[in-house]
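Student: Could you take me closely through the packing of a single helix, describing how it sits against each of its partners and what residues make the contacts?

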Amino acid sequence: MRKLISYSSLSFAIILIALNAFLQACSPVTNEPFVPRSNPETLAYIAVSIKTMARSMDAAYTQHVISQQDAVKGLAYLQSAKNAVSQVPPEPVPPAPDAPKADWDAYKVAHDSYVAQQNSAISAAQTALALAAAILDAQEKQP
Amino acid sequence: MNGVQVIQILNIALQAYAEMGGSIMSLIHLRETARREGRDLSPEEIQALLDEAQAELDHLQADIEKGQNGAS
């Protein structure tokens with residue numbers, strides 16, 4: 001039985017590695033490391049992580065590996081991650097090169113605020129994803 | 001936890017790993033295309049990925065609701 005449980009620990013370790021290693025994910029074909037190098041790339045990576053984790057959660061629920069209560073909680077975390085990313089406002093458009101300095105100053109303030117909101121959304125989404133992963137991970141601790 | 005559940009969990013984990021690998025390949029392709037065009041990933045490309053994620057979330061929600069209706 002211990003051996004069986006260790007197999008399940010290994011399997012969820014694989015899920016966690018696949019879904020949470022934001023800086024170390026690799027393509028199995030090209031072997032090129034995918035390291036997000038910008039906020040848009042991180043947002044895109046979060047989006048595919050949500051998609052993959054939602055599928056895993058669905059499979060785990062329909063195969064009765066996790067309870068309905070856990071599935072509802074997991075859905076809420078994943079939805080919250082998705083909403084956090086969706087709520088990032090559009091990037092402000094820079095003024096014309098010959099625009100007055102006041103316009104450029106206003107653009108700089110708007111752009112700083114945009115980047116701050118992006119960073120905040122990334123942080124919130126990563127936290128929510130970790131909470132959803134913990135629901136799947138908890139299975140290994142069950143007797 | 002019985003043997004069947006362990007196999008199910010292992011199967012789910014392997015599927016997740018394979019799907020993540022495929023998704024990473026798509027992301028790399030998107031990034032390379034954007035780089036060739038001298039830009040970062042566009043909001044539209046990110047939105048398309050978010051729409052796919054939302055479709056999976058809707059699917060999960062539908063399955064949960066089905067389960068709740070079946071249980072009631």
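Tutor: In this predicted model, let us take helix α2 of chain A, beginning with its neighbour in the chain A fold, where α2(A) passes α4(A) in a crossing that is left-handed. The α2(A) side of this contact includes A:Leu43, A:Ile46, A:Ile50, A:Met53 and A:Met57, while among the α4(A) residues that meet them are A:Val115, A:Ile122, A:Leu129, A:Ile135 and A:Leu136. Sorted by class, the contact between α2(A) and α4(A) holds 15 nonpolar and seven polar residues, with no charged residues. The axes of α2(A), residues 39-62, and α4(A), residues 101-137, lie 10 Å apart at an angle of about 20°, and α2(A) is therefore roughly parallel to α4(A), given that angles under 35 degrees count as such.

Turning to the partner in the other chain, α2(A) packs against helix α1 of chain B, residues 3-36, at an angle of about 160° and with the axes 10 Å apart. Because angles over 145 degrees count as roughly antiparallel, that is how α2(A) and α1(B) are described, and their crossing is right-handed. From α2(A) the contact draws on residues including A:Glu41, A:Tyr45, A:Val48, A:Thr52 and A:Arg55, and from α1(B) on residues including B:Ile12, B:Glu19, B:Met20, B:Leu27, B:Arg31 and B:Arg35. By class, this contact of α2(A) with α1(B) comprises ten nonpolar, four polar and five charged residues.

Notes. Residues are numbered from 1 along each chain as its sequence is written. Chains are lettered from A and ligands numbered from 1 in the order in which they are written. This is a predicted model: local features need pLDDT of at least 70, side-chain atom pairs count only at pLDDT 80 or more; totals for chains, interfaces and linings use all residues. Side-chain values use heavy atoms; hydrogens and water are left out. Axes are lines fitted to C-alpha atoms, for helices over the stretch in contact, and angles run from 0 to 180 degrees between N-to-C directions. Helices (H or I, at least four residues) and strands (E, at least two) are DSSP runs, numbered from the N terminus. Angles under 35 degrees count as roughly parallel, over 145 as roughly antiparallel, 65 to 115 as roughly perpendicular and the rest as oblique. A crossing is left-handed if the near helix is turned anticlockwise from the far one by less than a right angle, and right-handed if clockwise. Contact means heavy atoms within 4.5 Å. Ala, Val, Leu, Ile, Met, Phe, Trp, Tyr, Cys and Pro count as nonpolar, Asp, Glu, Lys and Arg as charged, and the others, Gly among them, as polar.
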